[in-house]
Amino acid sequence: QVQLVESGGGLVQAGGSLRLSCAASGGTFSSYAIMGWFRRPPGKDREFVAAIRGSGGSTYYADSLKGRFTISRDNVKNTAYLQMNSLKPEDPAVYYCAAVRDRGYYVRAWQKSDDYDYWGQGTQVTVSS
């Protein structure tokens with residue numbers, strides 16, 4: 001059974017940084033076609049943050065977050081990361097890790113929740129002003 005477990009959330013001052021981790025177990029991490037991060041701000045729908053391909057060679061970001069957030073993955077440690085810099089008051093949310101299993105073809109969709117097969121339970125990020 002595939003499990004994704006996020007960690008690294010917490011309280012940080014505006015302008016500060018956090019690094020979220022997503023540890024995967026129960027599957028072959030390197031076979032996940034896409035690893036993604038989403039977030040759900042208070043009172044809002046879940047939204048796409050960033051995604052990275054299995055090889056780690058291609059990354060994708062929500063336009064509003066480019067330049068501040070960086071996604072990466074370590075296929076040896078079975079872990080994906082989200083480095084968040086220059087955090088703003090609008091960044092607080094529950095951050096979720098998700099994975100797209102290997103579908104046997106080149107995956108072209110990664111921005112919607114429905115594109116993903118596996119989800120973590122989320123980790124809370126709070127930004128103080």
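**An all-strand chain, in brief**

Let's start with overall size. The chain has 129 residues, and a compact globule of that length would have a radius of gyration near 14 Å. This chain has 14 Å, so the value agrees with the globule rule. Keep in mind that this is a predicted model.

Next, the extents. Along its principal axes, the C-alpha trace spans about 45 × 25 × 25 Å.

What is the secondary structure? It comes to 11 strands and 0 helices. Read from the N terminus, the elements run β-β-β-β-β-β-β-β-β-β-β.

Now contacts. Take those between residues at least 6 apart in sequence. Of these, 60% join residues at least 24 apart.

On to burial and surface. Of the 129 residues, 45% count as buried. The accessible surface comes to about 6,600 Å². Carbon and sulfur atoms account for 44% of that surface.

Charges next. There are 15 positive side chains and 11 negative ones. The centres of the two sets lie 3 Å apart.

Last, two residues to find in the structure. Where is N78? Look in the loop between β7 (69-74) and β8 (79-84). Its phi is near 55°, a positive value in a residue other than glycine. N78 counts as partly exposed because its relative accessibility is 27%, and buried would need under 20%.

Then S86. Follow the chain past β8, into the loop before β9 (93-100). S86 also has a positive phi, near 50°, and is likewise not a glycine. Its relative accessible area is 40%, so S86 is partly exposed; exposed would need over 50%.

Technical notes: Residues numbered from 1 in each chain as written. Predicted model: local features only at pLDDT ≥ 70, side-chain atom pairs only at ≥ 80, totals over all residues. Heavy atoms only, no water. Helix = DSSP H or I, 4+ residues; strand = E, 2+ residues; numbered from the N terminus. Rg over C-alpha atoms; globule rule 2.2 N^0.38 Å. Buried < 20%, exposed > 50% of the residue type's maximum accessible area, 1.4 Å probe, protein only. Contact = heavy atoms within 4.5 Å. Areas by Shrake-Rupley, 256 points an atom, 1.4 Å probe, with all protein chains shown as cover. Lys, Arg positive; Asp, Glu negative; His and termini not counted. Charge placed at Lys NZ, Arg CZ, Asp CG, Glu CD.
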